[in-house]
Every structure is written in structure tokens, then in C-alpha cells.
Amino acid sequence: MKRVERINTMIHYINNRAFFTIKELMEEFQISKSTAIRDVNEIRLQGMPIVSEVGPEGGYFVERNRMLPSIRLTDYELRAIFLSFLATSNRGLPFLVDRKALTEKLLLVASDEQKDNLLELQNFVWIGGVNPNHPTLLNEYDRANPLLEKVIQTLLNTRHLIITLINGDERDIYVRGIFQRELSWFIEGINFKDKKQIILPIEQIKKIFQSKVFISKKQFKKIEPQQPDPNVIVLLDKLAIERFKRLNLPHIFLRSDHKNILLETFIQVKNEMEIKNATDWLLYLGEEIKFKRLPKEIAECIQKRLANFSDKLVD
């Protein structure tokens, strides 16, 4: 670890402790006693109010009633944040304008050399889905539905929402989470009326309100339907994992058995539409996937689909 990086990390380490010693710093950062003392003195020079205590049980502590210095970002940390923002541009994410403002603030914090390097990154780092000529372009198409930010703010206060749809219908739901699929956002939760899972596109929502009835997580668990054991388990190759990253569906999870990456989900085989959707999605993952568990209804649908493709080939 370079000295600048070590000192930045050490500032966090020190600030999170009521008391520390040189020996602790030596062990934590694998440095010598003289280096540890020199680093503490450097941090003091930056303005951190470190006070020493002498004696056999002596050490150092930070005066909590003093203003701590602003955190300095290393070249690598700045690049990591900047590239993260570039990679998530043109993705229909919430708070897009705020992230643009934060990017501009990062440039203000950076030195002239760091700023030049960050701007140059835009010229030669090409990320899929991002316009290389205008990587920070904020098209209307790139903005998430304005209601999404309100949904997020409301969910920070409560998961129990009263939702009015565009068609006038009302839903009383406990929200389990929100997710994005193909640049559209959805709310997933449990409908209190029938205790069944519900998924609502945010585009179909007109208004949201906090319910006046408080439901705790513990109370919610009593009405939440138990998730069935997965009846589809698929062994993924690298291509399938990459495609999963691009398009994944709710209630489809990945796990590792230390050797392989496995996809697990439960498909309602009595629902014809679910079988068709599952078939489409499994075929999308590529021909190298291997099935460890698959209902015969889905297997038959896959075979039928492939046979139909073969029949439509033109000589």
C-alpha cells in the first residue's frame, strides 16, 4: 500500500476508535514503529486533533469536540468513483441529476493533474450502453420515472404503502423491494387484501401514500407467504453469468457451491405463461448451461420451441 493510501486508511481507522497505540498501528498496517510514528505526525499536520498520553498504558486518542479534516481521495479512489458514475450513465437510474452534480464536485476536489486524468478517462474507456462522445449526456430517455425517487424516499420511512394506480384502482401493500428490468422499474410486495405477491410497474402508479397503520417487519413475516423450494436449478457458464447480469428477474437467485455458479428459482408449472417466460429466459442464457433440476413441463416446452425453430429454417 502506498503511503498516501495508507494514511487515508489510517485516518478512518483512528477516527473509529476511542483510543489507539503505536503497536496497534504497526500490527494493523504491517509497518515499523518509526513509520507508524511518522504517519501519526503526518495526520496531525493535516489537522486531525490527536492527543497523546504518556506512561506505561499510554497511547493516543482523538479529541471529539474538534473539527476533523476533510477526507482526501487518492488517484485510484477518484478514478473508481468516476468510472462507477460513467458505467451507470444511460441506465435509467434514480437521482441521475444528483450524480451529475456529485461528479462535478469530484472534479472540484481533484487536483489539476487528477482532473485531467479523469477527463481523459472519458475518451478511451468505452462502456457498453454509454455514448463515448457524450458519456455524461442526460437525455430524457436516461432519466428514471420521477415517481421512483419519491418511492425511495417514502420507503425509507415505511414499507407499508397505499398506492393509487393510473386506472383508479388502489392497492394496500407491504413493499419487499424495488427492482429494474430493461430500464423499467417495478415494486414488489405483498397485497394485504389477498396476502399474495404483487408486482407493480412504477409507470402504472399515479400516487403513493404512507399507510396510517404501522406494520413492523416482525408482523409482516406472519403474513408473508413462504417461498417454495426451487424447482429449477441451472449450472451457469461465463456467458450465462454475463447475460444474467444484463437481464435478471425477481426471485431468481445465484449461489456458489465453491466450484460452480448455480441459478435457482421456482416456476409455477401450472401457469402456462410462466412456463413460456421461463423457457424464453433459459434459452437466452445460452447453450452451454446445464440443468441440475428442471420440471418436465419446462423441458418439454424447450424441446418444442427448438423443434419449431428447426421447422422454420429455410434451405
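Biologist: Before we look at any empty space here, what counts as a cavity?

Modeller: A cavity is a set of grid points where a 1.4 Å probe fits but cannot get out. Rolling a probe the size of a water molecule over the atoms shows where empty space is left. Keep in mind that this is a predicted model. Searching the whole structure turns up two cavities of 30 Å³ or more, and the second largest has a volume of about 30 Å³.

Biologist: Which residues line the second largest cavity?

Modeller: The lining is made of D75, L78, R79, Q114, N117 and L118. Two elements, α4 (75-87) and α6 (112-124), each give two or more residues to it. By class, you will find two nonpolar, two polar and two charged residues there.

Biologist: Thanks! Now the nonpolar core: how many residues does the largest one have?

Modeller: It has 18 residues, and V234, L236, L263, W281, L285 and I298 have the most contacts inside it. Two or more residues come from each of β8 (232-236), α9 (238-246), α10 (272-284) and α11 (296-311), with α10 giving the most, four residues.

Biologist: What does L285 touch, leaving aside residues up to four places away in sequence?

Modeller: L285 touches L236, L239, A240, R243, F244 and L263.

Biologist: And the backbone: where does Q30 lie?

Modeller: Q30 sits in the loop between α2 (22-29) and α3 (33-45). Its phi is positive, about 55°, although Q30 is not a glycine. Q30 is exposed, at 69% relative accessible area. K195, also not a glycine, has a positive phi near 60°; K195 lies in the loop between β5 (184-191) and β6 (196-201) and is partly exposed, at 39%.

Notes:
Residues are numbered from 1 along each chain as its sequence is written. This is a predicted model: local features need pLDDT of at least 70, side-chain atom pairs count only at pLDDT 80 or more; totals for chains, interfaces and linings use all residues. Side-chain values use heavy atoms; hydrogens and water are left out. A nonpolar core is a set of buried Ala, Val, Leu, Ile, Met, Phe, Trp, Tyr and Cys residues joined through side-chain atoms within 4.5 Å. Buried means under 20% relative accessible area, exposed over 50%, partly exposed in between (1.4 Å probe, protein chains only). Contact means heavy atoms within 4.5 Å. On a 1 Å grid over the protein atoms alone, a cavity is a set of points where a 1.4 Å probe fits but cannot get out, and a pocket is an open set with protein on both sides within 12 Å along at least five of seven lines; lining residues have an atom within 4 Å of a point. Grid points are joined across faces, edges and corners, and a volume is the space filled by probe spheres set on the points. Ala, Val, Leu, Ile, Met, Phe, Trp, Tyr, Cys and Pro count as nonpolar, Asp, Glu, Lys and Arg as charged, and the others, Gly among them, as polar.
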